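This report describes one protein chain and the ligands placed with it. It proceeds from an annotated site to the ligand shells and then to a sheet.

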Amino acid sequence: MENISLNSNTTIFALATAMGRGAVAIMRLSGPLTYSILHRMCHQVPQPRLASVRKLWKIQEGQKELLDEALLLWFPGPNSYTGEDSAELHLHAGPAVVDAVAEVLVSYGAIPAQAGEFTKRAFLNGRIDLLQAEGIADLVEAETQAQRKQALEQTEGGLSDLYHGWAKQLREVLAFQEALIDFPDEDLPQEIEENVKRIIVDLHSEMIDHLNDQGRGERLRKGLTFAIVGPPNAGKSSLLNYLADRDAAIVTEQAGTTRDVIEVRVVLGDVPVTLVDTAGLRETEDEIEKEGIKRAYKIAQNADYVMCLMDAADKNDCPELSCDLLVRTKIDLNVSRETLLSQSDKTVLISVKSGEGMDKFKSLLIQKTKELISRQGPPPLTRVRHRLGITECVQHLQKAQEMEWAELRGEELRLAMQSLGRLTGAVGVEDLLDTIFGQFCIGK
Ligand SMILES: Nc1nc2c(c(=O)[nH]1)N(C=O)[C@@H](CNc1ccc(C(=O)N[C@@H](CCC(=O)O)C(=O)O)cc1)CN2
Ligand SMILES: Nc1nc2c(ncn2[C@@H]2O[C@H](COP(=O)(O)OP(=O)(O)OP(=O)(O)O)[C@@H](O)[C@H]2O)c(=O)[nH]1
Ligand SMILES: [Mg+2]
């Protein structure tokens, strides 16, 4: 708790835009010294929330030096992003301008902000909850429209509403529960006891459904991983290069060309996908190749989708049993009748050389990414933190269902509520804050 009260006494600043890029750099300020710093720098502080052009001055030992002509915004607390007195200095983006302004801010008592500190203050001042703060972090990082939508929904409180709704129901159940404790059993209508049990059962199954989502929200947030595995020379690196639209991996006629794991990030069906090319799977005495093959298996194990590539002329079975798709390659060369006939849902035929089958293959991948992240119904959880919290909550509800005594059941319900409270940030989260906000970029 100590550093929380300390935080609000300091005035922090950070560049909110990327350093060294663009025409304008936005310097953000938040904290109690904001007004006096603005006043010292520009003499006439603009009207609240009214963008105004001002000359920015550095005054030292009676010398007055012009630093920049900037657009200023002054947000008196609590009507600001952080809830504190804040300001924005829209500077010319040259690094020398930014450095000179930062130096003056420090000399006037402001300190550089930590990663995520503006948003952390917004949370500590009750303007947003923890789930919304995480949503903002995701929105800042979103690369695709689908990611933007998911992050925005969380920022707007979609997930918070879901968890608050559950917490509210638990509170009501708890109230019934207290009634059961306070009055002798005989006096209470049977229905109350049954009602309590039914609500717990329903909540429990709703949370299980929320957890059983195949990690859709987390997958969309972080992007998917598609592994390309198979025997040597199957055309794995050729396919990677084709999908990446550049020569990311070395391709040769020699079996065993690729040894390292090669990752390329692409966007498929509005989802960021990391394609991973791997060493060809085979028995080998070569130490380097052995290590590459070990890594290939590990990649396949952790991938969201595994494609096994095999030469269409290869009569062997797929060496990676847990693959999701068998891709028969080089169909521009001689292909046996059996191979052509053996096409199934799990098999596609391609040639990166002639382009044959590539459109169908690509649309299949896009369809797959959509399946892996598609959802209906309530907002999905988007982080491991959420998964752990809801799992904890489910465990308490499970115990509550097993309890004979109302007193013990009440305790489990209280613990279940606490798990939800930690997710929204309503209770006991001091220990989490550094982890959560530390992942933000500076200036957020
Ligand atoms: N220049 C700039 N652009 C930005 C932000 C910012 O801080 N500065 N944002 C942030 O990172 C986002 C917008 N979010 C914001 C949310 C609340 C307030 C705010 O000042 N709210 C006050 C006053 C509202 C009003 O003007 O009526 C409030 O809610 O009381 C500002 C930005 C995205 N764009
Ligand atoms: N005719 C034809 N040749 C192909 C096709 N795809 C790949 N090749 C050739 O097959 C050979 C091996 O291709 P790679 O992409 O290096 O195969 P790989 O699976 O990455 O091989 P390793 O890295 O050794 O495991 C190269 O000579 C490619 O030019 C194709 O569709 N048609
Ligand atoms: Mg290769």
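Between which helix and which strand does the loop that holds Thr-258 lie? Thr-258 is placed in the loop between helix 10 and strand 8, the latter spanning residues 262-268. The model under discussion is predicted.

## Domain layout

The domain assignment divides the protein chain into three parts: domain 1 covers 11-113, domain 2 combines 133-213 with 381-438, and domain 3 covers 231-372. Taken over C-alpha atoms, the centres of domain 1 and domain 2 are separated by 42 Å.

## The annotated binding site

An unreviewed UniProt entry places the feature "binding site" at Ser-237 and Thr-258. The two positions span 22 residues in sequence, yet their C-alpha atoms are no more than 7.6 Å apart, so they gather at one spot. Ser-237 belongs to helix 10, which comprises residues 236-244, whereas Thr-258 lies in the loop between that helix and strand 8.

Each of these residues can be classed by its surroundings. Ser-237 is buried because 24 other C-beta atoms lie within 10 Å, where 20 or more suffice for that class. Thr-258 likewise counts as buried, with 22 C-beta neighbours inside 10 Å.

When neighbours within four places in sequence are set aside, Ser-237 is in contact with Ala-249, Ile-250, Val-251, Thr-257, Thr-258 and Asp-277. On that basis Thr-258 is in contact with Lys-236, Ser-237, Ala-249, Ile-250, Asp-277, Thr-278, Ala-279 and Gly-280. The two annotated residues are thus in contact with each other, and Ala-249, Ile-250 and Asp-277 appear in both sets of contacts.

## Surroundings of the ligands

Ligand 2 is surrounded by 22 residues, of which the closest are Gly-235, Ser-237, Ser-238, Thr-258 and Gly-280. Both residues of the UniProt annotation are therefore among those closest to ligand 2. Helix 10 gives the most to this shell, contributing three residues. By class, the shell holds six nonpolar, 11 polar and five charged residues.

Around ligand 1 stand Ile-26, Arg-49, Phe-75, Asn-79, Ser-80, Tyr-81 and Glu-88. This shell has three nonpolar, two polar and two charged residues.

## A six-stranded sheet

Six strands form an open sheet with mixed pairing, in the order 3-4-5-2-1-6. Its edges are strand 3 (52-60) and strand 6, each of which pairs on one side only.

Strand 1, residues 12-15, pairs with two partners. With strand 2 (residues 24-30) the sense is antiparallel, over four bridges; with strand 6 (residues 111-112) it is parallel, over two bridges. Ile-12 takes part in both pairings, as its bridge partner is Ser-30 in strand 2 and Ile-111 in strand 6. Strand 2 is also joined to strand 5 (residues 86-92) by seven bridges, and these two strands run antiparallel. Across that pairing, Arg-28 stands opposite Glu-88 in strand 5. Glu-88 is also one of the residues around ligand 1.

In a regular strand the side chains alternate between the two faces of the sheet. In strand 1, Ile-12 and Ala-14 lie on one side and Phe-13 and Leu-15 on the other. These four residues are all buried, and both faces of strand 1 are accordingly covered.

Key
Residues numbered from 1 in each chain as written. Chains lettered and ligands numbered in written order. Predicted model: local features only at pLDDT ≥ 70, side-chain atom pairs only at ≥ 80, totals over all residues. Domains from an automatic or database assignment. UniProt positions renumbered as here; feature names shortened; annotations may be inferred. Buried ≥ 20, exposed ≤ 12 C-beta atoms within 10 Å, placed from the backbone. Contact = placed C-beta atoms within 7 Å. Near = placed C-beta within 6 Å. Nonpolar A, V, L, I, M, F, W, Y, C, P; charged D, E, K, R; others polar. Pairing = 2+ DSSP bridges.
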